[in-house]
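Here's a quick look at one chain, from its overall layout down to a core and a surface patch. Have the viewer open and follow along.

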Amino acid sequence: MTKDSTPLPGTVFTASGFRILKIAVAVMTVLLIAGIGALFYGVTLQLSKLGEGSKPAAPAAAAAAVAATPAGPAPYARVLDLGPGKLEAVAVSGNLIILHWKGEGSDIVLSADPQNGNEIGRIQVPHR
């Protein structure tokens, strides 16, 4: 191969520069097609994960899941030490459960998250 530094007619590229340009364009085209393919693959993967939540479980799989749970208290069971008294009222609003506990020394207004059973806040109102 000889080194020819004269530009091709109508361009600023030499023959070797034009060859390098064609290789660069071919490589970028392959990368672009691979990127578009990866994008479609990712979108279909996300869509398939999104649809899995609404499908009902198979009866055999549901029975196996029930059999696999350990015996004992429910997973969301919480013990609230509120002292002696009685439950006056329960209110539910969206993602919040509010309990009014009438105790011997004071009233307690308790808010809890129904999703996981964690206590969010507690207000203690003393008796007069």
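## Layout

The chain has two helices and four strands (DSSP runs numbered from the N terminus: H or I of at least four residues for helices, E of at least two for strands). Along the sequence they come in the order α-α-β-β-β-β.

This is a predicted model, where local features need pLDDT of at least 70, side-chain atom pairs count only at pLDDT 80 or more, and totals for chains, interfaces and linings use all residues. Numbering starts from 1 along each chain as its sequence is written, and side-chain values use heavy atoms, with hydrogens and water left out.

## Surface and burial

Accessible surface (Shrake-Rupley, 1.4 Å probe, only the protein chains shown counting as cover for residues) comes to about 10,500 Å² for the chain, with 67% of that on carbon and sulfur atoms. Of the 128 residues, 9% are buried (under 20% relative accessible area; exposed is over 50%, partly exposed in between).

## The core

L82, L99, W101, I108 and L110 form the largest nonpolar core (buried Ala, Val, Leu, Ile, Met, Phe, Trp, Tyr and Cys joined through side-chain atoms within 4.5 Å). Strand 2 (97–103) and strand 3 (106–112) each give two or more residues to this core.

Take I108: beyond its neighbours within four places in sequence, its contacts (heavy atoms within 4.5 Å) include L82, L99, W101 and I123.

## Out in the open

V12 sits in the segment before helix 1 (15–52). V12 counts as exposed because its relative accessibility is 74%.

Methods
Buried means under 20% relative accessible area, exposed over 50%, partly exposed in between (1.4 Å probe, protein chains only).
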